[in-house]
Amino acid sequence: MTDYYQTLGVSEGASPDEIKKAYRSLANKHHPDKGGDQAVFKNISVAYENLSDPQKKAEYDQQRQYGAGPQFNAGGAGFDPFGHMFGQGFGGQHPFADIFGHRPGMRRNRDLNIQCQVSLLDSYLGKQLEASYRLPSGRNQNVVINVPPGINHGETIRYTGLGDDSVQGSPRGNLNVTVIVLPDPKFTRHGDDIYTTISINPIEAIIGCRKTIQTITGQTLDLEIRGGVESGVEFASHGTGFPNVNNGVKGRFVSVINIKTPTITDPLIIAELRKINDAISKTS
């Protein structure tokens with residue numbers, strides 16, 4: 001079970017202001033726009049989301065106190081959205097891990113809180129997952145998890161009446177599924193925008209060039225890069241980003257220019273570049 005307090009570097013008795021202050025400091029340090037690690041930034045965001053919400057914090061504190069619950073199994077072929085995310089004790093075989101802790105003697109059925117993993121592409125397109133899990137009462141429960149297009153990392157999908165059923169005569173609890181979006185090697189998400197990096201060499205940056213880039217779905221876009229472009233300049237295509245999970249409006253697909261300097265050892269090429277550099281210097 002992830003220790004959100006440790007992630008933010010605060011004590012269990014930290015006040016809301018202390019939690020917020022710690023989050024802002026870490027988010028500023030690790031934000032991908034400032035060269036930070038995206039996975040670390042996401043962990044910080046999930047920790048803050050759970051500790052800043054009083055209800056989620058109360059549930060999390062109780063889970064820490066009373067331990068983890070039963071294991072879950074999922075079926076289906078293809079991409080395994082749940083594997084290797086819950087550490088030792090599951091052997092990498094259990095796609096779900098319930099982070100709900102059942103307290104004996106409670107008079108009402110509680111919610112179950114679980115997690116699932118999806119790729120960035122799955123969070124863009126949406127995905128349907130099937131799972132079968134064992135309730136605290138010992139009964140098996142099936143659920144179809146519909147991950148909607150555009151869902152964000154750390155967001156929760158709630159299913160009414162699919163939680164704990166061990167207390168007879170009491171309404172069943174709910175099932176809360178927190179979606180974990182895995183980092184992608186080529187694309188990152190900021191809001192509803194998709195970002196990718198386009199590397200060009202210094203000559204291409206000086207004279208301009210044309211690049212064909214691939215979107216997250218595999219479609220291609222032609223990008224005209226003007227001469228004199230600098231690193232960090234963004235080229236945006238509107239309406240090709242993530243669909244907003246609430247209204248379906250798509251964000252942007254943003255290509256960020258990175259001027260990559262090659263290592264050249266050929267003396268003839270170096271001599272020619274010196275001539276070009278001298279010519280440029282005379283015009284500046």
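Two helices count as roughly antiparallel when the angle between their axes is over 145 degrees, and as roughly parallel when it is under 35 degrees. Keep that cut-off at hand for the first exercise. The structure above is a predicted model, with seven helices and 13 strands.

**Exercise 1. A pair of helices**

Task: Work out how helix α2 and helix α3 are arranged, and which residues join them.

Solution:

Step 1. Two packed helices are described by the angle between their axes and the distance between the axes. Helix α2 covers residues 16–30 and helix α3 residues 38–52; the angle is about 165°, and the axes lie 9 Å apart.

Step 2. Compare the angle with the cut-off: over 145 degrees counts as roughly antiparallel. α2 and α3 are therefore roughly antiparallel to each other.

Step 3. Add the handedness: α2 and α3 cross in the left-handed sense.

Step 4. Now look at the residues in contact. From α2 come Ile 19, Lys 20, Tyr 23, Leu 26, Ala 27 and His 30, and they meet Val 40, Phe 41, Ile 44, Ser 45, Tyr 48 and Leu 51 of α3. Sorted by character, the residues of this contact comprise nine nonpolar, two polar and one charged.

**Exercise 2. Two residues, two settings**

Task: Decide whether Asn 50 and Ile 206 are buried, partly exposed or exposed, and find what each one touches.

Solution:

Step 1. Start with Asn 50, which is found in helix α3. Its relative accessible area is 17%. Buried means under 20%, so Asn 50 is buried.

Step 2. Leaving aside residues up to four places away in sequence, Asn 50 touches Tyr 4, Lys 56 and Lys 57.

Step 3. Turn to Ile 206, which has its place in helix α6 (residues 202–207). Its relative accessibility of 48% makes Ile 206 partly exposed.

Step 4. With residues up to four places away again left out, Ile 206 touches Gly 227, Gly 228 and Ile 280. You can also check one distance in the viewer: from C-alpha to C-alpha, Ile 206 and Glu 230 are 9.0 Å apart, while 24 residues separate them in sequence.

Step 5. For the wider setting, 39% of the 284 residues of the protein count as buried. Among contacts between residues at least 6 apart in sequence, 57% join residues at least 24 apart.

**Exercise 3. An enclosed strand**

Task: Find out how strand β3 sits in its sheet and how many of its residues are buried.

Solution:

Step 1. Lay out the sheet. It is open, has three strands in the order β3-β7-β6, and its pairing is mixed. β3 and β6 (156–159) are the edge strands, each pairing on one side only. Direction ignored, neighbouring strands of this sheet are turned by 25° against each other on average.

Step 2. Follow the pairing of β3. This strand runs parallel to β7 (residues 175–181), and seven bridges join the two. One bridge partner to look up is Val 181 in β7, which goes with Val 118.

Step 3. Count the burial. In β3 (residues 112–118), seven of the seven residues are buried, so the strand is largely enclosed by the rest of the structure.

Step 4. Check both faces. Leu 112, Ile 114, Cys 116 and Val 118 point one way, Asn 113, Gln 115 and Gln 117 point the other way, and all are buried.

**Exercise 4. A sheet of four strands**

Task: Trace the sheet that contains β8, β9, β13 and β12, and describe how its strands pair.

Solution:

Step 1. Read the order: β8-β9-β13-β12, an open sheet with mixed pairing. At the edges are β8 (188–190) and β12 (234–243), each of which pairs on one side only. From one strand to the next, the twist averages 35°.

Step 2. Take the parallel pair. β9 (residues 193–200) and β13 (residues 250–259) pair in this sense over seven bridges. Here Thr 196 has Ser 255 in β13 as its bridge partner.

Step 3. Take the antiparallel pair. β12 and β13 are joined in this sense over six bridges, and His 238 stands opposite Arg 252 in β13.

Step 4. Finish with the turn. β12 and β13 form a hairpin with six residues between them, and Gly 248 in the turn has a positive phi of about 80°.

Terms used: Residues are numbered from 1 along each chain as its sequence is written. This is a predicted model: local features need pLDDT of at least 70, side-chain atom pairs count only at pLDDT 80 or more; totals for chains, interfaces and linings use all residues. Side-chain values use heavy atoms; hydrogens and water are left out. Two strands pair if DSSP finds at least two bridges between them. Axes are lines fitted to C-alpha atoms, for helices over the stretch in contact, and angles run from 0 to 180 degrees between N-to-C directions. Angles under 35 degrees count as roughly parallel, over 145 as roughly antiparallel, 65 to 115 as roughly perpendicular and the rest as oblique. A crossing is left-handed if the near helix is turned anticlockwise from the far one by less than a right angle, and right-handed if clockwise. Contact means heavy atoms within 4.5 Å. Ala, Val, Leu, Ile, Met, Phe, Trp, Tyr, Cys and Pro count as nonpolar, Asp, Glu, Lys and Arg as charged, and the others, Gly among them, as polar. Buried means under 20% relative accessible area, exposed over 50%, partly exposed in between (1.4 Å probe, protein chains only).
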